[in-house]
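Reader: I'd like to poke at the labels people put on a model like this one. Can you take me through them, with the cut-offs?

Author: Sure, here it is.

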Amino acid sequence: METATKEQVIVIKDLVKAFGDKKILDGFNLTVEKGSNVVILGKSGSGKSVLIKCIIGLLQSDSGSIHVFKENISQMTEDELDQARSKIGFLFQSNALYDSMTIRENLEFPLIRHWVDISKEEVERLVNEALENVDLLHTLDMMPSELSGGMLKRVALARTMILRPEVILYDEPTTGLDPVTSREIENLILKLQKKNHTSSIIISHDMNCVKNTADLVVLLLEGKCYIKGTYEELKQSTDENIKQFFE
Amino acid sequence: MSLVIRFKNFLDETGNIARFTGRFFSVGIKPRYEHKEFFNQCYIIGYRSLPLVGLTAFIMGLVLTMQLRPSLVDYGVESQLPVMVGLAIVREIGPVITALIFAGKIGSSIGAELGSMKVTEQIDAMTVSGIKPFKYLVATRVLATTLMLPLLTILGDAISLFGAYLGVNIRSVTSFDLFFLQVFKSLDFSDVLPAITKTLFFGFAVGIVGCYKGFNSTKGTQGVGISANSAVVLSSVLIFIIDLLAVQITELLGLN
Ligand SMILES: Nc1ncnc2c1ncn2[C@@H]1O[C@H](COP(=O)(O)OP(=O)(O)O)[C@@H](O)[C@H]1O
Ligand SMILES: [Mg+2]
């Protein structure tokens, strides 16, 4: 592997996050290299969502450091965070599309907020392009409530991609979708990754998704990075904690 | 739950709402302002409440007049009916009933809307998209409720007085001019001003409580329901508490 030569996009060191006296993350370490997909495995409630919400500054970590593009997220002011967030995409597990707005408005929102000087024509063009990427141009003026689960996930994906982020955090992108739609989403993730040369962290316990998307798999257990390796390496493992995911 | 724990929770909640209110004054009223969303909320909160406020105000004026008449007849002062009804509506019943209807309609819808936005991560999505949810969602709604309730109250009072005019005319005949001449002759500036001023505070309470409950909604559809429900209950109670304080203050200021 050519690990030494690649740029490190996300570097997490000794991350600790507790709610009350419940330690969710307890000395978590992870490095994500440019252009790679890291999948985080872990049981429900193990703190996977908490981890990526710390990375984008939605949650404040208690100690440790998170560097994205060499900048420390945990020590940023609100304005600096806003700046950094325009380079980080986040796909929410529940899609989090604004249900009082049309699909068009949903996609326009991040554009006009992060790129304040952008022209109307440019917004229009980017929105159309983003929807075309996920084959949903015809939903432009629909409301989120009119779309199916898989379509909503694709729109959410389009919204995440619209700012061309260099890093994308996916929170369970295929959970709750049927196998066919799941494959579609995985392919979209891979397609957009190739197109925009993004690096990503993908949370998943859908082993098909892991197999198809992961360059590196990390198991989050008891707040720490329990083991990491490629899909094939982990599949061979005899460790009980790992084997249960492959059954 | 033991009484001690309940009392502690009550104090916690009070403290949290106070802090939320403090945040409104420190964060919410600084630029950048979300004009578009503010006007949108004024439309939703003000204009869309009109039919309900108008209907209840009309019925209230009518019923109040019909209920008061027999007592006044007993004392032989039936001619004072417009004065009595006018004072009751403008000083107390108009503002409070409008505020309660408003709390029921707007408080619950803000609580449910923000609550479901919270549990479906839409509020987090806003933060990620470079929008300050407190400004975009809370400040706009609280300002809109604070400004719209006084306007709704003034309109409600007017409709209520019209209902009262019809009520008077059920049993006797009064001309429109005479009725309103009597009403306005008995009304002072000191009757109207405190009554409208307190609705600013009622509106503020409905907005803050609705947003607070929504923002702190717990997971699941049940959590959203609880937010909406407790927003109405709490803001209704607050309306009465503020009303009580308002009476004391106007008395102290000698505005009675
Ligand atoms: N805002 C919060 N306040 C308190 N506890 C939280 C909060 N967010 C998450 N938790 C707790 O952290 C734990 C991990 O949650 P999460 O990261 O959502 O799990 P998952 O790995 O399934 O994504 C859960 O036990 C959850 O109750
Ligand atoms: Mg999760």
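Reader: Start with the second largest cavity: which residues line the second largest cavity?

Author: Cys54(A), Gly57(A), Leu59(A), Gln60(A), Ser61(A), Ile66(A), Ile73(A), Ser74(A) and Leu81(A) line it. Bear in mind that this is a predicted model, where local features need pLDDT of at least 70, side-chain atom pairs count only at pLDDT 80 or more, and totals for chains, interfaces and linings use all residues. Residues are numbered from 1 along each chain as its sequence is written, chains are lettered from A and ligands numbered from 1 in the order in which they are written, and side-chain values use heavy atoms, with hydrogens and water left out.

Reader: What makes something a cavity and not a pocket?

Author: The test runs on a 1 Å grid over the protein atoms alone: a cavity is a set of points where a 1.4 Å probe fits but cannot get out, whereas a pocket is an open set with protein on both sides within 12 Å along at least five of seven lines. Lining residues have an atom within 4 Å of a point. The search of the whole structure turns up 4 cavities of 30 Å³ or more.

Reader: How much space lies in the largest cavity, and how much in the second largest?

Author: About 140 Å³ in the largest cavity, and about 50 Å³ in the second largest. Volume here is the space filled by probe spheres set on the grid points, which are joined across faces, edges and corners.

Reader: Which element gives the most to the lining of the largest cavity?

Author: That's β6(A), with 3 residues. At least two lining residues each come from β6 (88–91) and α5 (149–161) of chain A and from α5 (122–128) of chain B. The names α and β refer to DSSP runs numbered from the N terminus: helices are H or I with at least four residues, strands are E with at least two.

Reader: How do the lining residues of the second largest cavity divide by class?

Author: 5 are nonpolar, 4 polar and none charged. The classes work like this: Ala, Val, Leu, Ile, Met, Phe, Trp, Tyr, Cys and Pro count as nonpolar, Asp, Glu, Lys and Arg as charged, and the others, Gly among them, as polar. The lining of the largest cavity has 8 nonpolar, 4 polar and 2 charged residues.

Reader: Now the pockets. How much space lies in the largest pocket, and what sits closest to its centre?

Author: The largest pocket holds about 1400 Å³. Of its 43 lining residues, Lys53(A), Leu58(A), Leu59(A), Lys118(B) and Asp124(B) are the closest to the centre. α1(B) gives the most to that lining, with 5 residues, and the classes come to 14 nonpolar, 15 polar and 14 charged.

Reader: And which element gives the most to the lining of the second largest pocket?

Author: α2(B), with 6 residues. That pocket has about 660 Å³ of space, and its lining divides into 11 nonpolar, 4 polar and 11 charged residues.

Reader: Why is the pair Arg141(B) and Glu37(B) called a salt bridge?

Author: A salt bridge needs a side-chain nitrogen of Lys or Arg within 4 Å of a carboxyl oxygen of Asp or Glu. The Arg141(B) and Glu37(B) side chains meet at 3.3 Å, N to O, so the pair is inside that limit. Arg141(B) lies in helix α6 (residues 133–171) of chain B and Glu37(B) in helix α2 (residues 35–45) of chain B, so parts 104 residues apart in sequence are tied together.

Reader: Is Arg141(B) buried or exposed?

Author: Buried means under 20% relative accessible area, exposed over 50%, and partly exposed in between (1.4 Å probe, protein chains only). Arg141(B) has 1%, so it is buried. Glu37(B), at 9%, is buried too.

Reader: What makes Arg91(B) partly exposed?

Author: Its relative accessibility is 32%, so it falls in the in-between range. Arg91(B) meets Asp191(B) in a salt bridge of 2.8 Å, N to O, and Asp191(B) is buried, with 7%.

Reader: Which residues are around ligand 1?

Author: Among them are Phe19(A), Lys22(A), Ser46(A), Gly47(A) and Ser49(A); the criterion is a heavy atom within 4 Å.

Reader: What makes the approach of Ser49(A) to ligand 1 a polar contact?

Author: A polar contact is a pair of N or O atoms within 3.5 Å; within protein, one must be able to donate a hydrogen and the other to accept it, and residues adjacent in sequence count only if both atoms are side-chain atoms. An N or O atom in the Ser49(A) side chain is 2.7 Å from an oxygen atom of ligand 1, so the pair qualifies. A backbone N or O atom of Gly47(A) also lies 3.0 Å from a ligand 1 oxygen atom.
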